[in-house]
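Me: I should like to learn how to read the main features of a protein model. Please take me through them one at a time.

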Amino acid sequence: MQNYLTLTQLIRGCEKIIITFVAISHTMESTDNRINKNNQGVAGCILKKASDFFQWFYAPVSHTPLLFAIVMLCSASAPIVAIVAGGRYLHFLFYALLSGSFLGWLACLLPKVWMRVSAACIFMTVALVETFHMGLLDKNIDQSTLELILNTNGAEAVGFLVQFFTPGVIIFLIIAVTALVGLALAIARVHIVMPRRAAYPAIPLFCVVCAGAAGMFRMFSVLSCDTYDELVVWESECGNNQELNNGARALMSDPVSKSAYLCKALQLYNRNFRLWSDCQRRLYDSLPQMSAPDDSLKVVLVIGESFIRSHSSLYGYHLPVNPALERELRDSALIVYADAVVPANFTVISLSNILNLNSVSRGEKWWESAYMPMVFRKAGWSVEMYSNQYMPYTSQDLSMELFDPLQLDSVYTRYGMKNFDYDGDFMSSVPVRDIAPEKRTLTVIHLTGQHFPQSLRVPPASRHPFTADDVPADKPWLTPERRAVVADYANSTLYNDSIVADIIDRYREKYAMVVYFSDHGEEMWDSAPNGHRTRQYPDNPEWIHNMHDVPLMFWISPLLRTRCPNLEERLRKCASRPVSMDLIGHTLLGAFAPSSPCYHPEYDVLSTDYKPLPRVSVQGYPYPEKQ
């Protein structure tokens, strides 16, 4: 995997460090000899004080080296157990060991034996729990672990203990805890008086500890996030490798940094979704129950993933990645909108604002607004929800919104329960038969689409016609490796085209409309050095467009075109209007349920009352309108 340390590189790096340490030791020895000969000058005094400082810095570690080593290693327990389980986390192991060196040095500073014993016990307990968690659940401790603990009642806890804590496991835990306490006592009581020259590694140790402290403080920057939106941005930040983002690093970090991240994430996740859930219950009780016309109209909302508009052949991309949809366009069944923009470049933030009836440009919050599927349900429609990224009864961010208990109990007439590796398998699981064939139905289908990494979005058995050679090397940063990534993206777009075409085929003979758009765009090395969503570049107009410009299209079945020619005319007439996707719910309500009290015609792109405001992202980035 690109940018990851290999074991060979790690060994060579250690060799270089050892050689450097030896050189430093010789330098320190020579300097020490000079100081002894003449320590009266200014330079001599400075060198003497520096030597005394490093002697002081090294002393705690030299007295309790085993405590230092144990704390450092236990601090890296998360990446260690993940690597043992088969993961490739050498980068994260390196970061965690650096942070662990800082924590180990602090542990060695503790003045009392009982304090050092306690520190050793705490860190070894954390390592034991992390290992036990991986062994039982095949994953590291994460936010869902905390959610599970907080949402588990006494009876469920007893059931958990009965299921997992067999007599053999209990005996193992007793032995492990006993050994842990004994080892902690032995480690904390070991006191070694090092010879003076043994303090020469103090300089490299000082550098390592300072690097670890800097890394920890960087992770602590998560505490400055005041909203969930800010947290999502923080989680995504990293270098050019999407897999080394702050969110992934925090889960593989030392116990202190990881705890700070998990507690902050849990707080912000729950706060917004709790406010939203309470708001939906109030609205559900206050909104009047209406009746929809007795016909078989089907409106299908298909939400793609990470689809940048400029990489669609429907919008002029040079590779034929949308052949099926282009056929629909030639047959006049497809209406393609030219200027649709999403409110954020992250799935959770974007869809939270798209699926609720708030206006980002007017400063309205999604957690204070009505949920669009619920409004359709109160308008007398049947509602179905299928997601290939989120599942019911989980605490994973958007799952708490898409599958809130109110929605499961009172809004959805049918919903999906499983996720699949590929959207084709997912769509095979979506029922074809209508529950209420003579009732109006809103169906929401959330695909995996072109989600990173795109090379894993296409089944191996499918054709992969595009290669790096199909991507022009017309930019200096488009290396062969990056062109291969762009080709993978094109292949995933082609596969996504077949999935959307399959959905259309399901409704071709019905009284139906299919609406397709993506949750956000994706930077595909169109502007260097902005590959993926690893950093925010709000002052770069090209980056804003790549991340927020999405395809938007309406497919109308022959039967719907025959019965509602006015709808087709309105859709075609407004195809060049600027669209902010957080208002799509009002457009659908205006077309099919305009009597709903939640409908605002000034938000409806098809309405004569439509009043487009300057578009802005949730993060406050002004959208640079194209001239």
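The dialogue below goes from the whole chain to single residues.

Me: What should be known about the model beforehand?

Reply: This is a predicted model, in which local features need pLDDT of at least 70 and side-chain atom pairs count only at pLDDT 80 or more, while totals for chains, interfaces and linings use all residues. Residues are numbered from 1 along each chain as its sequence is written, and side-chain values use heavy atoms, with hydrogens and water left out.

Me: How many helices and strands does the protein chain have?

Reply: Helices (H or I, at least four residues) and strands (E, at least two) are DSSP runs, numbered from the N terminus. The protein chain has 24 helices and 8 strands.

Me: What percentage of the residues of the protein chain count as buried?

Reply: Buried means under 20% relative accessible area, exposed over 50%, and partly exposed in between (1.4 Å probe, protein chains only). Of the 627 residues in the protein chain, 52% are buried.

Me: Is helix α5 largely enclosed or not, and how does one judge its length?

Reply: The expected span of a helix is 1.5 Å times one less than its number of residues. For the 20 residues of α5 (residues 90–109) that gives 28 Å, and the end C-alpha atoms are 29 Å apart, which agrees. Because 15 of its 20 residues are buried, α5 is largely enclosed by the rest of the structure.

Me: Which residues touch the most other members of the largest nonpolar core?

Reply: A nonpolar core is a set of buried Ala, Val, Leu, Ile, Met, Phe, Trp, Tyr and Cys residues joined through side-chain atoms within 4.5 Å. The largest has 86 residues, of which L231, Y337, M513 and M581 touch the most other members. Helix α13 (residues 255–286) gives the most to this core, with 8 residues. A second, separate core of 30 residues includes V300, L314, A333 and L334.

Me: What does M513 contact beyond its neighbours within four places in sequence?

Reply: Contact means heavy atoms within 4.5 Å. With those neighbours left aside, the partners of M513 include K298, V299, F554, W555 and F592.

Me: Where does I335 lie, and is I335 buried or exposed?

Reply: I335 belongs to strand β2 (residues 334–341). At 3% relative accessibility, I335 counts as buried. Not counting residues up to four places away in sequence, I335 touches L552, M553, E568 and R572, among others. I335 and R572 are 237 residues apart in sequence, yet 6.4 Å apart in space, C-alpha to C-alpha.
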